[in-house]
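Dear colleague,

Please find below the structure that I am handing over to you. My findings follow directly after it.

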Amino acid sequence: MSDDPTHVREFFGARAADWDSRFPDDGPAYAAAVGELGLRPGDAVLDAGCGTGRALPPLRAAVGPSGTVLGADLTPEMIERAVDAGRGGEAGGRLLLADVGRLPVRDGALDAVFGAGLISHLADPVADLRELARVVRPGGRLALFHPIGRAALAARHGRRITPDDLRAEPRLRPLLAEAGWRLVSYVDEDARYLALAVRED
């Protein structure tokens, strides 16, 4: 299920130009998921694997002008689309061309991480989730989100859910624990997938 960075970059690079037009109705789902992350004005948050930056405006709204929003993605074309869509800077956040497995962020600098469609594209899920834990303060939060659930996503691609799916709760809970996170909420419905975790001390 995991992917090497070169494959991820090629896959998303080829799809960046029309990515937003393929999923035009996802905005409210992103905003609702951000709302469940429990962000407060002044918080610092990372959108890990931000793609075209669809989560950046609701993240910016949640942390306010005194907060910090970073968007990191390893695909240059996705970052370019985020800029073109006006989702960087004051409207969204600072955009970083970076691998979430090696973030240019100091230890404990963030209050939360948001990751949409992220986990199945991590080269080394435990190491990469541990890197996300490194940059978040103890007690900080992680949201792993997708605008549709696992079954609906598999059906969209003409597949069935398999037992090795990292997003399944029995696999995700120990994976997160090994990386320094405690799963506190898990929803997998046709219209939404959202796993919330807390950074352990």
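Strands S5 and S7 run antiparallel and are joined by six bridges. The model in which they are seen is a predicted one. Within this pairing, His-146 stands opposite Tyr-193 of S7.

On its other side, S7 (residues 192-199) pairs with S6, again in the antiparallel sense, over eight bridges. The connection between S6 and S7 is a hairpin of two residues. Two positions illustrate the register: Val-187 stands opposite Leu-194 in S7, and Trp-181 has Arg-199 of S7 as its bridge partner.

How many residues of S7 are buried? Eight of its eight residues are, so the strand is largely enclosed by the rest of the structure. In a regular strand the side chains alternate between the two faces of the sheet. In S7 both faces are covered: one side carries the buried residues Arg-192, Leu-194, Leu-196 and Val-198, and the other carries Tyr-193, Ala-195, Ala-197 and Arg-199, which are buried as well.

The wider sheet is as follows. Seven strands make up an open sheet of mixed pairing, in the order S3-S2-S1-S4-S5-S7-S6. Strand S3 (94-97) and strand S6 (181-189) are the edge strands; each has a single partner, so one side of each is left without a neighbour in the sheet. From one strand to the next, the twist averages 15°. Helix H5 (residues 76-84) packs on this sheet, where it touches strand S2 (68-73) and S3, and its direction makes about 165° with that of S3.

Helix H6 (residues 125-134) lies across strand S1 (44-48), strand S4 (110-116), strand S5 (136-146), S6 and S7, and runs at about 130° to S5. H6 is mostly covered, with seven of its ten residues buried. The buried residues are Pro-125, Val-126, Asp-128, Leu-129, Glu-131, Leu-132 and Ala-133. They pack against S1, S4, S5, S6 and S7, and also against helix H8.

In helix H8 (residues 169-178), the buried residues include Leu-172, Leu-175 and Leu-176. These three cover an arc of only 95° around the axis, which puts them on the same side of H8. An α-helix has 3.6 residues a turn, so residues three or four places apart point the same way. The face of H8 turned away from the buried side carries two exposed residues, Pro-170 and Glu-178. The cover over the buried residues of H8 includes H6, S5, S6 and S7. After H8 comes Gly-180, which has a positive phi, near 100°.

Two individual residues deserve a separate note.

The first is His-146, which is placed in strand S5. Is His-146 buried or exposed? Its relative accessibility is 18%, and because the limit for a buried residue is under 20%, His-146 counts as buried. Leaving aside neighbours within four places in sequence, His-146 is in contact with Gly-117, Leu-153, Arg-192 and Tyr-193. Of these contacts, Tyr-193 is the residue that His-146 stands opposite in S7. Gly-117 is 29 residues away from His-146 along the chain, yet their C-alpha atoms are separated by 5.3 Å.

The second is Asp-73, which lies in strand S2. Asp-73 is buried, with a relative accessible area of 8%. Which backbone nitrogen lies 2.7 Å from a polar atom of the Asp-73 side chain? That nitrogen belongs to Gly-51. Again leaving aside neighbours within four places in sequence, the contacts of Asp-73 are Gly-49, Cys-50, Gly-51, Met-78, Ile-79, Leu-96, Leu-97 and Ala-98.

For the chain as a whole, there are eight helices and seven strands. Of its 201 residues, 53% count as buried. Among contacts between residues at least 6 apart in sequence, 70% join residues at least 24 apart. The accessible surface of the chain comes to about 9,300 Å², and carbon and sulfur atoms account for 51% of that surface.

With kind regards

Conventions
Residues numbered from 1 in each chain as written. Predicted model: local features only at pLDDT ≥ 70, side-chain atom pairs only at ≥ 80, totals over all residues. Heavy atoms only, no water. Pairing = 2+ DSSP bridges. Helix = DSSP H or I, 4+ residues; strand = E, 2+ residues; numbered from the N terminus. Axes fitted to C-alpha atoms, helices over the stretch in contact; angles between N-to-C directions. Contact = heavy atoms within 4.5 Å. Buried < 20%, exposed > 50% of the residue type's maximum accessible area, 1.4 Å probe, protein only. Arc of directions from axis to C-beta. Areas by Shrake-Rupley, 256 points an atom, 1.4 Å probe, with all protein chains shown as cover. Polar contact = N/O pair within 3.5 Å; in protein donor to acceptor, adjacent residues only side chain to side chain.
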